[in-house]
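Subject: Structure handover

Hello,

Here is the structure for you to look over. My notes on it follow below.

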Amino acid sequence: MDNLTLNQKHEQFNEFFMIKHDIPVNLSVLSSDFELPELDDLHNHMPYTFQVASELSEIETKALRPLRNLGQHAVELAEFLNHQSRKIDLMMSLILQQQSEPEEMFHSIQFGGGGITVNTQSNIPVGSLTELKIFLREEASAIFCYAEVIRCELQVISPEAQNSTCKESEDTYHTSLIFTRIREEDQDLLVKASLHLQAASLRKRKNNNQAQNK
């Protein structure tokens, strides 16, 4: 990843399915001399709350795995434990969202397993390293990772849009970032979240079409 050309980073960014969706993101630009940690050491660089959430998730996975070998007798027990796990996920999600910094809050344009595009009010130079906290409310989870800016494009506001608002319009940029240090399980979570959102969107569209045809 660190030795890829910019074109190769764009290709890797586009390898994953991307879904257009607004999710809250904390984005902090790091200093030019910041050294990315090794992937194996990423856990130790996470805020403590994210470390706890990660360990709880691992405990949950290990606790449910043995039940798969118990057959039908374990169905009710597994369902009960899944409900308990969901409660813990919701509580941890609430706690993790308290880690959000308002001055570093942005919103995504699209995201996927390879990266994320964020709406920013300033031009962040290509190649800048950033620290991200991605809050997946639908999944009751949050992700801490590092990413690199690979594109930052000024969005031109049409005269009609400018005239439709009373306040002075500000420049906005679509800033695309490729994940440079992210845990495999967190990348899988982003892929799962994007597919869940796509499925929900397709169901909604199908229901709307059925309602219109009645």
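One term before the strands: two strands count as paired if DSSP finds at least two bridges between them. In that sense Phe111 stands opposite Ile116 in S4. Please keep in mind that this is a predicted model.

**Overall layout**

The protein has six helices and seven strands. Along the sequence they follow the pattern α-β-β-α-α-α-β-β-β-β-α-β-α. Of its 214 residues, 37% count as buried. The exposed surface comes to about 13,500 Å², and carbon and sulfur atoms supply 49% of that. Take the contacts with a separation of 6 or more: residues 24 or more positions apart account for 77% of them.

**Strand pairing**

Strand S3 covers residues 105–112. S1 and S3 run antiparallel and are joined by three bridges. Here Lys20 stands opposite Gln110 in S3. S2 and S3 also run antiparallel, again with three bridges. In this pair, Asn26 stands opposite Met105. S3 and S4 pair over four bridges in the antiparallel sense. They form a hairpin, with two residues between them.

**Nonpolar cores**

In soluble globular proteins, nonpolar side chains tend to be buried together. The largest nonpolar core here has 23 residues. Which of them have the most contacts inside it? They are Phe111, Ile116, Leu132, Ile134, Leu136 and Phe179. Several elements give two or more residues to this core. Six are strands: S2 (24–29), S3 (105–112), S4 (115–120), S5 (129–136), S6 (141–155) and S7 (172–181). Helix H6 (184–213) does so too. A second, separate core has ten residues, among them Leu30, Met46, Phe135 and Ala142.

Ile134 deserves a look in the viewer. Leave aside its neighbours within four places in sequence. Ile134 is then in contact with Ile23, Pro24, Val25 and Ile116. Its contacts also include Ser141, Ala142, Ile143 and Cys145. Phe179 and Leu190 complete the list.

**Helix H1**

H1 spans residues 6–15, and its buried residues are Lys9, His10 and Phe13. They cover an arc of only 100 degrees around the axis, so they lie on the same side of H1. What covers these buried residues includes strand S1 (18–20), S3, S4, S6 and S7. The face turned away from the buried side carries the exposed residues Asn7, Glu11 and Glu15.

Lys9 also has a charged partner. Glu148 forms a salt bridge with Lys9, and the closest N and O atoms are 2.8 Å apart. Where do the two residues sit? Glu148 is in strand S6 and Lys9 is in helix H1, so the pair links distant parts of the chain, 139 residues apart. Both Glu148 and Lys9 are buried.

**Other salt bridges**

How many salt bridges does the structure hold? It holds four. Arg183, Glu185 and Asp186 are linked in a network of them. The side chains of Arg183 and Glu185 meet at 2.9 Å, N to O. Those of Arg183 and Asp186 meet at 3.0 Å, N to O.

Is Arg183 buried or exposed? The cut-off for buried is under 20% relative accessible area. Arg183 has 14% relative accessibility, so it counts as buried. Asp186 is buried as well. Glu185 is partly exposed, because its relative accessible area is 41%.

**One loop residue**

Pro125 is found in the loop between S4 and S5. Exposed means over 50% relative accessible area. Pro125 has 52%, so it counts as exposed. Pro125 and Arg151 are 26 residues apart in sequence. In space, their C-alpha atoms are 8.1 Å apart.

Best wishes

Technical notes:
Residues numbered from 1 in each chain as written. Predicted model: local features only at pLDDT ≥ 70, side-chain atom pairs only at ≥ 80, totals over all residues. Heavy atoms only, no water. Core = buried A, V, L, I, M, F, W, Y, C linked by side-chain atoms within 4.5 Å. Buried < 20%, exposed > 50% of the residue type's maximum accessible area, 1.4 Å probe, protein only. Contact = heavy atoms within 4.5 Å. Arc of directions from axis to C-beta. Areas by Shrake-Rupley, 256 points an atom, 1.4 Å probe, with all protein chains shown as cover.
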